[in-house]
Amino acid sequence: MDRFLRPSGAAYFVVAAVFIGVLAGFPSWAAKNSAKANPGATQVAVAAVPAAPKPPAADQPAGANSATAHKETLARGKQMYAQYCASCHGDAGKGDGPGGANLAVKPQDLSVGAVMNPLPDQFLHRIIADGPQSVGLSALMPPFRPQLGDRQISEIIAYIRTLAQPAYDPTKVLPVTATREGLVQPIFFSHVIHTGSYQIACQYCHAGARRSSDAGIPSVEKCMGCHKIVAAQGNEQVQKLHAYWNKQEPIPWLRVFRVPEYVQFPHKNHIQAGLVCQTCHGRIEAMEQVHATTGQNHLNDLMNLAAMPVPGPKLTMGWCVECHRAVNEKGVQAVQPTPDAWGTAPRPATADDTKKRKAPLECVACHH
Ligand code: HEC
Ligand code: HEC
Ligand code: HEC
Ligand code: HEC
Ligand code: HEC
Ligand code: HEC
């Protein structure tokens, strides 16, 4: 949990309390996971993670030379780190440099692998070149684009990777896209930061998913449970959150996933059957802005009405029905390649991926 120590000791307490709350809510999950010493270790790569970019030394000729080249890259990275970064982030990357001591948001402890390792190189590149505000974090660290070229930034990243504990594993980075997709929300709230990097469980914020029809969007109050302390000052986006809180107004989030009024979709039954969020929503933890690879498809719906099943794009009737047929025949395992997807613990005791399901195919179950 020491990855939460950065903002302040008090923030650690808040976040610890939050996690205890989450644990208390899900005893079976807690029992399963408490044996694991490091919460970061529970993170599992989901689906096909694209091969992480190789260290910059890879553009050198292969063979014995490349090992030397990689060493030289790290040496240059280390030197530039000492020159440009250590004043704030500290000599060993612990976030304890003198230049950061009085900042409202403490410089990241770059050695905390649990927080740093999921972030892909291009994400760190953006932070260093354009400043952390480019990903929603604080503007208290300046952009380094004028001083440092792309290659130099890559070398610094290669060096920073060596500081991480547990060690950086390029196969476990999040597939964050280089270009942001999806709706621009009133506050730039990043699932990459909250769930991908800080690993706050989905159901901590979307608590309705397992017990009601709607998964629910967290209230301003829920956000403030952390943000009265975490980045309370020095972050423009978090200031917007505070403004809503001060006005006692809800945040006008835009809806992304939605079925028409005449359709009933109950989250509860799906979560109880052991489906993970990612099976239907995609890898939200890798999305800076939530988006859906979906859309309504009338042709698809008509074909389903005519009993010509086609696996439809998500949220179409074809998609619902196709999955229902599959789980009834083969169980949830037929549709869910990654039962251990990130943030999905706690899966309920009712989750048995091999059990044949009784998902409805009759019209009235989905249309009242
Ligand atoms: C003036 C002090 C300062 C300097 C100099 C500085 N940083 Fe930062 N850095 C910060 C602060 C403060 C944050 C925290 C931003 C936040 O969490 O909102 C940060 C955050 C970061 C992050 C984001 C980590 C995360 O939370 O995902 C990275 C990566 C980073 N710095 C790398 C560097 C590198 C590399 C350099 C040198 C090229 C550098 N920083 C120089 C102050 C500084
Ligand atoms: C369990 C604690 C927790 C909760 C709850 C929480 N956050 Fe955060 N949030 C964090 C942490 C930790 C960071 C990283 C702070 C940093 O590095 O400076 C963060 C960063 C942010 C940032 C800056 C990075 C980004 O995502 O753009 C924004 C904006 C933000 N939170 C908004 C929200 C909103 C809105 C809510 C409610 C929907 C919320 N947070 C709920 C812990 C929390
Ligand atoms: C710190 C709180 C927080 C956590 C943790 C969190 N979310 Fe969210 N989520 C939000 C907020 C706030 C929104 C609305 C803004 C947006 O779309 O980004 C949202 C939006 C969504 C949406 C889109 C809702 C719509 O409008 O259709 C989905 C789907 C979603 N989250 C799934 C997840 C999944 C899956 C996880 C875990 C991997 C997760 N969330 C973790 C706060 C959170
Ligand atoms: C079987 C597919 C499926 C699964 C699994 C699933 N969702 Fe959804 N989700 C949907 C559909 C469909 C909608 C649109 C519902 C509507 O418009 O009423 C939706 C809507 C949402 C929304 C929008 C707001 C709301 O309250 O409905 C959020 C947030 C959300 N899901 C989060 C989650 C989270 C978190 C999980 C995992 C715990 C999850 N979902 C699992 C299909 C799924
Ligand atoms: C990825 C697979 C999957 C998708 C996609 C899916 N479902 Fe389901 N659905 C299930 C499973 C599994 C169950 C639980 C069956 C059981 O409990 O035996 C279920 C159950 C239901 C139920 C029954 C609830 C009850 O009261 O018993 C309804 C209604 C439903 N789904 C509607 C929908 C709708 C509407 C959509 C599309 C918007 C949808 N489902 C998409 C897998 C899916
Ligand atoms: C598993 C859930 C489910 C079942 C079962 C189901 N539907 Fe649907 N249906 C949907 C969803 C979701 C949509 C909305 C699709 C969209 O927005 O593209 C829909 C859309 C429709 C539409 C509108 C199509 C259009 O193109 O506008 C009609 C008509 C319809 N359904 C009729 C039926 C009939 C008749 C049955 C029984 C044979 C049935 N549905 C069974 C989920 C279901």
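**Exercises on a ligand shell and a helix crossing**

In this predicted model, the shell around ligand 3 comprises 15 nonpolar, 7 polar and 1 charged residues.

**Exercise 1.** Determine how many residues surround ligand 3 and which are the closest, then identify the polar contacts of ligand 3 with His191, His206 and Phe257.

*Solution.*
1. Ligand 3 is surrounded by 23 residues, and the closest are His191, Cys202, Cys205, His206 and Phe257.
2. An N or O atom in the side chain of His191 lies 2.8 Å from a nitrogen atom of ligand 3.
3. For His206, a polar side-chain atom is 2.8 Å from a nitrogen atom of the ligand.
4. Phe257 instead uses its backbone: one of its backbone N or O atoms is 2.6 Å from an oxygen atom of ligand 3.
5. Helix 8 (191-197), helix 9 (202-205) and helix 13 (277-281) are the elements that give two or more residues to this shell.

**Exercise 2.** Classify the mutual orientation of helix 3 and helix 7, and describe the residues that form their contact.

*Solution.*
1. The axes of helix 3 (residues 64-84) and helix 7 (residues 150-161) cross at roughly 95° and come within 7 Å of each other.
2. Angles of 65 to 115 degrees count as roughly perpendicular, and helix 3 is therefore roughly perpendicular to helix 7.
3. Helix 3 contributes Thr73, Leu74, Arg76, Gly77, Lys78, Met80 and Tyr81 to the contact; helix 7 contributes Arg151, Gln152, Glu155, Ile156, Ala158, Tyr159 and Ile160.
4. By class, the residues of this contact are 7 nonpolar, 3 polar and 4 charged.

Methods
Residues are numbered from 1 along each chain as its sequence is written. Chains are lettered from A and ligands numbered from 1 in the order in which they are written. This is a predicted model: local features need pLDDT of at least 70, side-chain atom pairs count only at pLDDT 80 or more; totals for chains, interfaces and linings use all residues. Side-chain values use heavy atoms; hydrogens and water are left out. Axes are lines fitted to C-alpha atoms, for helices over the stretch in contact, and angles run from 0 to 180 degrees between N-to-C directions. Helices (H or I, at least four residues) and strands (E, at least two) are DSSP runs, numbered from the N terminus. Angles under 35 degrees count as roughly parallel, over 145 as roughly antiparallel, 65 to 115 as roughly perpendicular and the rest as oblique. Contact means heavy atoms within 4.5 Å. Ala, Val, Leu, Ile, Met, Phe, Trp, Tyr, Cys and Pro count as nonpolar, Asp, Glu, Lys and Arg as charged, and the others, Gly among them, as polar. A residue is near a molecule or strand if one of its heavy atoms lies within 4 Å of it. A polar contact is a pair of N or O atoms within 3.5 Å; within protein, one must be able to donate a hydrogen and the other to accept it, and residues adjacent in sequence count only if both atoms are side-chain atoms.
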